[in-house]
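Colleague: I have a few questions about how the strands in this structure fit together. Can we take them one by one?

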Amino acid sequence: MSSQSLPTRRVVLSSAGIAAVTVCLAGCSSAATSGGTTGGSGATTVKTSDIPVGGGKIVGQYVVTQPKEGTFEAFGYLCTHQSLPVQQVTDAAIVCGRHGSTYSLADGSVLTGPATKALTKATATVSGDTITIS
Ligand code: FES
């Protein structure tokens, strides 16, 4: 086998980089819409039945909560401490486990730091059994 038929090191590394970007884009795309759907207008939707009473769920780039039955709230999912995504919603709080900040299910205010600012409020509009978040 001659050395001319082998791909150069640069070609191999370039191909690996393209493959890595492709995998990341596919993974990021599915993560951004998990648990909800994003319509053509960019709005995110989720079924009311998917949001537990006294709890909530991370939907795309939002956190949707139902602090009391029939009342839905929505917030941006970025923790205000270092702008990283929160990871969990419990029956007590919206939790960012990076450094331990927790936020109120009802209004997104800080329950425990190090964050000092509330989550960014979003709009949750209920129509029938669907919540549209924007
Ligand atoms: S990034 Fe959330 S607590 Fe630090």
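Colleague: Which residue in β5 stands opposite V64?

Modeller: This is a predicted model. Strand β4 covers residues 62-68 and β5 covers residues 71-76. The two run antiparallel and are joined by five bridges. Opposite V64 in β5 stands A74.

Colleague: Which residue in the turn between β4 and β5 has a positive phi?

Modeller: β4 and β5 form a hairpin. Two residues lie between the strands. The one in the turn with a positive phi, about 85°, is G70.

Colleague: What is the bridge partner of A74 in β10?

Modeller: β5 also pairs with β10, residues 121-122. Two bridges join them, and they run antiparallel. In β10, A74 has as its bridge partner A122.

Colleague: Which strands are at the edges of the open sheet?

Modeller: The sheet has four strands, with antiparallel pairing. Their order is β3-β4-β5-β10. An edge strand here pairs on one side only. That gives β3 (55-59) and β10.

Colleague: Which element gives the largest share of the largest nonpolar core?

Modeller: That core has 22 residues. Among those with the most contacts inside it are Y62, V63, V64 and A74. β4, β5, β7 (94-96) and β12 (130-133) each give two or more residues. The largest share, three residues, comes from β4.

Colleague: Leaving aside neighbours within four places in sequence, which residues is V64 in contact with?

Modeller: A74, which stands opposite V64, is one of them. F72 is also in contact with V64. The full set is V46, I51, G56, K57, V59, F72, A74, A124, I131 and I133.

How values were computed. Residues numbered from 1 in each chain as written. Predicted model: local features only at pLDDT ≥ 70, side-chain atom pairs only at ≥ 80, totals over all residues. Pairing = 2+ DSSP bridges. Core = buried A, V, L, I, M, F, W, Y, C linked by C-beta atoms within 7 Å. Buried ≥ 20, exposed ≤ 12 C-beta atoms within 10 Å, placed from the backbone. Contact = placed C-beta atoms within 7 Å.
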